Structure formats: structure tokens, C-alpha cells
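Grab a pencil and open the viewer. The exercises here ask you to find things for yourself, and each one comes with a worked solution.

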Amino acid sequence: MASWKQLLQAAMDSHAHLKHSSFIQLATLGTNGRPANRTVVFSDRIRIHTDSRSCKIEEIKHCPFGEICWYFTESWEQFRINGKIEIIDKSTTDAIKVEQRKKSWQTISGKSRFQYLAPAPRSPYKEEPGIDYELDPSAGPLDAFSLLILEPDQVDYINLKSDERWIFTLRMSDTDKIWMPERVNP
């Protein structure tokens with residue numbers, strides 16, 4: 001049996017020509033105790049760029065666990081990846097994490113960077129005249145830019161074409177992390 005990472009990489013490679021294949025759904029537990037789900041863009045590893053003013057930041061602070069769901073339309077494969085989410089934002093002091101945030105900022109398009117200058121998500125809409133912002137591409141991330149990193153501990157993989165389903169669960173040993181696969185009914 002291939003690892004879930006190999007299965008995911010194969011699905012990503014075979015769907016690379018489909019722009020929508022880089023969109024995943026992220027579910028968290030809202031501060032009101034209700035589920036909250038939204039579509040986000042996948043970038044290398046399980047890193048998610050987000051606005052620090054969005055609801056999901058408070059939700060993750062309240063309960064740091066979440067799940068992404070990723071469906072590949074041509075191969076009929078679904079990955080549900082569950083784990084703990086870490087927030088890396090302007091208040092982060094760990095040098096390695098600060099560098100991760102900076103590198104992630106540099107990977108996004110200029111158009112995407114401008115969204116972090118806009119009014120806060122879910123704030124009342126006000127029509128504003130077109131403003132010409134200039135962002136120095138070599139400058140670091142704007143304060144509103146946050147990086148979320150999902151550290152998986154369980155992956156539920158299903159292939160609807162072959163009716164094959166596997167649950168991969170992370171087990172910790174004294175010296176290593178081991179992924180344990182279990183075939184289950186679809």
C-alpha cells in the first residue's frame with residue numbers, strides 16, 4: 001500500500017492541469033461551537049495563507065484542530081486530512097517560523113497580496129474609489145498576512161472509482177512518527 005503522501009502527490013500531479021484542484025476546504029470549530037467551513041488555496045505542504053482578521057484565526061485559537069477536504073474530480077479521489085493547526089502571524093517570534101511566513105508571502109501573487117490591504121473580512125461593505133496601492137515585493141509580509149500550518153495526524157482516503165478506502169493514523173514511538181494504514185469499507 002502506498003503512503004497517503006504518495007497517493008496525494010499522484011492525485012495532485014494527475015490534476016495539475018485543472019486550476020480548481022488547488023482548492024481545498026478547511027473546517028474548524030467556530031467560537032460559537034458550530035462547524036465553520038471555507039475554501040482555501042493549497043500551497044506546498046499543508047500551508048494555508050489567510051487574513052489574520054478573519055474568523056478562522058479566533059476559531060483556531062479557541063480550538064486548534066481542523067480538517068481539510070480535498071476532492072479530485074477526474075480520479076474521484078477524496079482526502080480528508082485531520083490535525084492540529086498552527087498560526088504563524090506578525091506576533092510570532094521563532095526565527096524559523098518568521099522565515100516560513102516571509103517565504104510564503106513571497107510566493108503569492110501581487111494581486112493576492114493586495115487583499116491584505118483591504119478592509120477586514122466580514123466588515124460592512126463600503127464602496128471605495130479605486131486606490132492605487134504599491135507594494136514593494138522585497139518587503140516582508142503585511143501585518144494582516146498569517147500562515148496556517150496543518151500538522152496531520154489522520155488521513156481518510158477514498159477512491160470512489162475503485163471503492164477503496166484507507167484510514168492512515170499517525171502513531172508516535174519513542175524515536176519516530178509512524179503512519180499506520182488500515183483498509184476500511186467505503
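What follows is a set of exercises on this predicted model.

**Exercise 1. Get an overview**

Task: Work out how many helices and strands the chain has, and in what order they come.

Solution:
- Step 1: Count the elements. The chain has four helices and eight strands.
- Step 2: Walk from the N terminus and write down each element in turn. You should get α-β-β-β-α-β-β-α-α-β-β-β.
- Step 3: Add the overall dimensions. The C-alpha trace spans about 55 × 40 × 35 Å along its principal axes.
- Step 4: Look at burial and contacts. Of the 186 residues in the chain, 38% are buried. Among contacts with a separation of 6 or more, 60% are between residues 24 or more positions apart.

**Exercise 2. Explore the nonpolar cores**

Task: Find which residues have the most contacts inside the largest nonpolar core, and which elements each supply at least two of its residues.

Solution:
- Step 1: Begin with a general idea. In soluble globular proteins, nonpolar side chains tend to be buried together.
- Step 2: Locate the largest core, which has 25 residues. Ile68, Phe79, Ile81 and Leu148 have the most contacts inside this core.
- Step 3: Trace the core back to the secondary structure. At least two residues come from each of H1, strand S1 (23-29), helix H2 (55-62), strand S4 (65-72), S5, S6 and strand S7 (164-172).
- Step 4: Zoom in on Leu148. Beyond residues up to four places away in sequence, Leu148 touches a list of residues including Leu26, Ile46, Ile57, Ile85 and Ile87. Charged names turn up in the list too, among them Arg47, Lys56 and Glu86.
- Step 5: Look for another core. A second, separate one has six residues, including Trp105, Ile108, Leu142 and Ala144.

**Exercise 3. Classify an aromatic pair**

Task: Decide whether the rings of Trp4 and Trp179 are stacked or edge-to-face.

Solution:
- Step 1: Place the pair in context. The whole structure holds eight aromatic pairs.
- Step 2: Check the distance and the angle for Trp4 and Trp179. Their ring centres are 5.4 Å apart and their planes meet at 70°. Planes over 60 degrees apart count as edge-to-face, so this pair is edge-to-face.
- Step 3: Ask where the partners lie. Trp4 belongs to helix H1 (residues 4-14) and Trp179 to strand S8 (residues 177-184), so the pair ties together parts 175 residues apart in sequence.
- Step 4: Compare their surroundings. Trp4 is buried at 5% relative accessibility, while Trp179 is partly exposed at 25%.
- Step 5: Look at other rings. Trp70, Phe72, Phe79 and Tyr157 form one aromatic cluster. Over the ring of Trp76 sits the charged end of Lys161, 5.7 Å from the ring centre.

**Exercise 4. Test the cysteines**

Task: Explain why Cys55 has no disulfide partner.

Solution:
- Step 1: Recall the cut-off. Two cysteine sulfur atoms must be within 2.5 Å to count as a disulfide.
- Step 2: Find the closest cysteine sulfur to that of Cys55. This is in Cys63, 16 Å away, which is too far for a bond.
- Step 3: Repeat for Cys69. Its nearest cysteine sulfur is also that of Cys63, 18 Å away, and Cys69 is in no disulfide.
- Step 4: Confirm with the whole structure, where a search finds zero disulfides.
- Step 5: Note the accessibility. Cys55 is partly exposed at 38%, and Cys69 is partly exposed at 23%.

**Exercise 5. Buried or exposed in a loop?**

Task: Sort Thr92, Gly30 and Ser138 into buried or exposed.

Solution:
- Step 1: Take Thr92, in the loop between strand S5 (77-88) and helix H3 (95-107). Its relative accessible area is 18%, and buried means under 20%, so Thr92 is buried.
- Step 2: See what surrounds Thr92. Leaving aside neighbours within four places in sequence, Thr92 is in contact with Ile87, Lys97 and Val98. A polar atom of the Thr92 side chain lies 3.0 Å from the backbone nitrogen of Asp89.
- Step 3: Turn to Gly30, in the loop between S1 and strand S2 (35-41). Gly30 is buried at 3%, and it touches Glu59 and His62, not counting residues up to four places away in sequence.
- Step 4: Finish with Ser138, in the loop between helix H4 (110-114) and strand S6 (145-159). At 54%, Ser138 is exposed.

Note on methods:
Residues are numbered from 1 along each chain as its sequence is written. This is a predicted model: local features need pLDDT of at least 70, side-chain atom pairs count only at pLDDT 80 or more; totals for chains, interfaces and linings use all residues. Side-chain values use heavy atoms; hydrogens and water are left out. Buried means under 20% relative accessible area, exposed over 50%, partly exposed in between (1.4 Å probe, protein chains only). A polar contact is a pair of N or O atoms within 3.5 Å; within protein, one must be able to donate a hydrogen and the other to accept it, and residues adjacent in sequence count only if both atoms are side-chain atoms. Contact means heavy atoms within 4.5 Å. Rings of Phe, Tyr and Trp (its six-membered ring) pair if their centres lie within 6.5 Å; planes under 30 degrees apart count as stacked, over 60 as edge-to-face and the rest as tilted. A charge sits over a ring if NZ of Lys or CZ of Arg is within 6 Å of the ring centre and within 35 degrees of the ring normal. A nonpolar core is a set of buried Ala, Val, Leu, Ile, Met, Phe, Trp, Tyr and Cys residues joined through side-chain atoms within 4.5 Å.
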